[in-house]
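I wanted to look up where this chain is annotated and what empty space is left inside the fold. My notes follow in the order in which I checked things.

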Amino acid sequence: QDAGNHTLLTEFVLSGLSSRPELQHLLLFTICLVYSMTLVGNLLICMVTAHPTLHMPMYFFLRVLSFLDISTASVVVPKMLVDLLSEDRSISYLGCVTQLYCVVFLAATEWYLLAAMAYDRYVAVCRPLRYAAVMNTRACLSLVLLSCCSGKVVSVVQTAWVFTLPLCGPRRIDYFFCDIPPLVTLSCTDTSLYEKQLISATVLVIFVPFCLILLSYTCIISSILKISSAESRHKAFSTCSSHLTVVTLYCASGTLIYLQPKSSNSQDAKKFFALIYTTVIPTLNPLIYSLRNKEVKEVLIRVMAVLMKK
């Protein structure tokens with residue numbers, strides 16, 4: 001880079017959620033509360049789904065999803081809380097690279113995991129006689145490993161691509177963590193090619209799994225409607241609707257964040273959707289799955305009773 005025209009960035013400064021001082025304490029309290037709920041709720045789901053009575057692939061995938069939710073929130077929220085308490089909101093270049101890598105890796109892995117969960121539901125409802133053979137332990141572990149490997153590839157490519165762009169001053173990132181859209185706006189070169197690549201990556205990471213999920217659920221709903229027992233139909237719909245609710249939340253927030261990455265007039269909206277994605281959805285997942293699943297609720301009540309006695 002030409003040092004006479006641009007400043008080489010060695011660290012960044014995050015603007016945070018809001019520049020209004022009167023909101024800092026309210027935001028701090030709210031985010032602390034939500035983060036605590038995320039940790040407690042997802043840790044409980046991990047404990048509950050490890051119970052011997054819930055030794056099924058669906059609950060194994062749910063346990064992995066809860067672990068990913070804890071990780072996603074923990075990559076973003078602690079730094080956000082520190083920034084709310086401090087006037088120094090700087091983050092090192094390496095810290096920014098690491099945070100971006102982790103956020104993209106976890107987000108992409110979750111999407112592929114949601115597709116794996118949809119496939120599990122498809123086999124359970126549409127191929128019940130072959131379910132035990134198809135969704136065995138090896139198959140479940142393979143699907144999780146494939147999700148992680150796919151997420152890693154996406155994360156390495158996106159992180160490398162962003163940080164090979166010539167990033168120039170000002171070093172202020174108008175965001176509360178290092179993410180692709182605000183980092184792209186710091187580039188001092190034409191980013192139209194990168195923005196097209198990002199849209200392609202968004203399609204690959206979000207819409208391809210989403211289409212596979214929709215295809216799975218089209219087959220599932222068709223099979224459910226053929227079930228004669230009203231109780232069985234209700235149970236199947238309840239399980240599937242929980243998963244679809246989570247998928248819809250992820251799809252809506254992810255699409256609104258990563259499409260049109262350099263659109264400055266929607267930066268506040270992107271902050272809001274990023275906050276939903278990184279803090280609110282990880283909190284909602286345990287509620288969505290536990291409140292709509294009778295078996296999870298029963299085991300959760302037993303686990304809570306044991307914990308209360310201690």
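**Annotated segments and enclosed space**

I began with the UniProt record, an unreviewed entry, which lists residues 26-48, 60-78, 98-119, 140-163, 199-225, 237-260 and 272-291 under "transmembrane region". The coordinates I compared with it are those of a predicted model.

I then looked at two of these segments. Residues 60-78 are 100% helix and 0% strand, with the end C-alpha atoms 27 Å apart. For residues 140-163 I again found 100% helix and 0% strand, and there the end C-alpha atoms lie 35 Å apart.

Next I turned to the cavities, and asked how many have a volume of 30 Å³ or more. The count came to 5, and the largest cavity has a volume of about 200 Å³. I noted 15 residues lining this largest cavity, of which Val104, Ala107, Val205, Ile206 and Tyr258 are the closest to its centre. The elements that give two or more residues to this lining are α3 (93-126), α5 (137-164), α7 (192-224) and α8 (230-258), and α7 gives the most, with 5 residues. Sorting the lining by residue class, I obtained 12 nonpolar, 3 polar and no charged residues.

Since α5 and α7 both contribute to that lining, I finally checked how these two helices are arranged. They pack at an angle of about 165 degrees, with their axes 12 Å apart. Because angles over 145 degrees count as roughly antiparallel, I recorded α5 as roughly antiparallel to α7. The crossing of α5 and α7 is left-handed.

How values were computed:
Residues numbered from 1 in each chain as written. Predicted model: local features only at pLDDT ≥ 70, side-chain atom pairs only at ≥ 80, totals over all residues. Heavy atoms only, no water. 1 Å grid on protein atoms, 1.4 Å probe; cavity = no way out; pocket = protein on both sides within 12 Å on 5 of 7 lines; lining within 4 Å. Points joined across faces, edges and corners; volume = space filled by probe spheres on them. Helix = DSSP H or I, 4+ residues; strand = E, 2+ residues; numbered from the N terminus. Nonpolar A, V, L, I, M, F, W, Y, C, P; charged D, E, K, R; others polar. UniProt positions renumbered as here; feature names shortened; annotations may be inferred. Axes fitted to C-alpha atoms, helices over the stretch in contact; angles between N-to-C directions. Parallel < 35°, antiparallel > 145°, perpendicular 65-115°, else oblique. Left-handed = near helix turned anticlockwise from the far one by under 90°.
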